[in-house]
Amino acid sequence: IANAAKEIADYFNTLEQQVGASNIKEELIEWSDFLKEKANIVKLCVSSTSNAFVLFETLNDRGLKTSQADLVKNYLFGKSDERLSEAQRHWSSMRGAVESIGDENDITMEFLRSVCCVMSGITRERDVMDRVESYANSKNEAIKILVSFDELSRDYAAILNPDHPKWNDYD
């Protein structure tokens, strides 16, 4: 939400530079009218979080790549309740380790799939969300899986990077 607010503020600052300070009020009124009269908000209810991913992929007409990893993150953050800051810390640490070796969303999802394979056998990418939901039914389980992600991410990064500092202690 903070990022969205910043982008909106940046947009209006750029708009003001384009139309001038004397015309910005008129532009803002047009924006307000558009939101009130022409914009639509749709609430879609789905039976599971994994169905939300499929639904968004189906309805995504903006060409943005949907990240199943973000759905996993949001699910775990929602479960972590008042331990959200702890959950965020573990997720950020995991993402930092994993992203050090590749494209952020693709490599993060491959990491999550690999962890699910280790925990419960062969897992397809589309089944990762279901596996995470089955592991993390409570706040404590959500934190526990985030701690596991955090710990395993360093080894995963080291396996994929022969120059990783983890290998410095070996001949």
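Which helix gives the largest share of the nonpolar patch? That is helix α2, residues 24–37, with three residues. This is a predicted model, and the patch is a good place to start a tour of it.

**The surface patch**

Y11, W31, F34 and L35 together make a nonpolar surface patch of about 390 Å². One of these residues, F34, sits in helix α2. F34 counts as partly exposed, with a relative accessibility of 41%.

**The nonpolar core**

Let's move inside. The largest nonpolar core has 26 residues, and those touching the most other members are V72, L76, W91, F111, L112, V132 and F149. Five helices each give two or more residues to this core: α4 (68–80), α5 (84–99), α6 (104–120), α7 (128–135) and α8 (139–160).

F149 is a handy residue to select in your viewer. Leaving aside residues up to four places away in sequence, F149 touches V72, L76, W91, M94, F111, L112, V115 and V132.

**The cysteines**

How many disulfides does a search of the whole structure find? The search finds zero. C116 and C117 show the reason for their own part: the sulfur of C116 has its closest cysteine sulfur in C117, 7.2 Å away, and this is too far for a bond. For comparison, the cut-off for a disulfide is 2.5 Å between the sulfur atoms. Seen from the other side, C117 is in no disulfide either, and its nearest cysteine sulfur is that of C116. As for their surroundings, C116 is buried at 0% relative accessible area, whereas C117 is partly exposed at 23%.

**A positive phi**

If you scan the backbone, stop at D81. The phi of D81 is near 50°, a positive value in a residue that is not glycine. D81 belongs to the loop between α4 and α5, and D81 is exposed, with 51% relative accessible area.

**Salt bridges**

The count comes to 10 salt bridges. Three of them are set out here, with the distance between N and O atoms.

| Pair | N to O distance |
|---|---|
| K73 and D70 | 3.9 Å |
| R95 and D70 | 4.0 Å |
| D155 and K166 | 2.8 Å |

Take D70 to begin with. D70 is partly exposed, with a relative accessible area of 29%. In its salt bridge with K73, the two residues are three apart in helix α4, so about one helical turn separates them.

D70 also pairs with R95 in a salt bridge. Because R95 lies in helix α5 and D70 in helix α4, this pair ties together parts that are 25 residues apart in sequence. R95 is buried, at 11% relative accessible area.

Now for D155 and K166, whose side chains also meet in a salt bridge. Here the link is between distant parts of the chain, 11 residues apart, with D155 in helix α8 and K166 in the segment after α8. Both ends are partly exposed: D155 has a relative accessible area of 32%, and K166 has a relative accessibility of 36%.

Which residues do salt bridges with shared partners join into one network? The members are D70, K73, R95 and E99.

Methods: Residues are numbered from 1 along each chain as its sequence is written. This is a predicted model: local features need pLDDT of at least 70, side-chain atom pairs count only at pLDDT 80 or more; totals for chains, interfaces and linings use all residues. Side-chain values use heavy atoms; hydrogens and water are left out. A nonpolar core is a set of buried Ala, Val, Leu, Ile, Met, Phe, Trp, Tyr and Cys residues joined through side-chain atoms within 4.5 Å. Buried means under 20% relative accessible area, exposed over 50%, partly exposed in between (1.4 Å probe, protein chains only). Helices (H or I, at least four residues) and strands (E, at least two) are DSSP runs, numbered from the N terminus. Contact means heavy atoms within 4.5 Å. Patches are made of residues with over 30% relative accessible area and no salt bridge: like charges are joined within 9 Å, nonpolar side chains (Val, Leu, Ile, Met, Phe, Trp, Tyr) within 5 Å. Accessible areas come from the Shrake-Rupley method with a 1.4 Å probe; for residues, only the protein chains shown count as cover.
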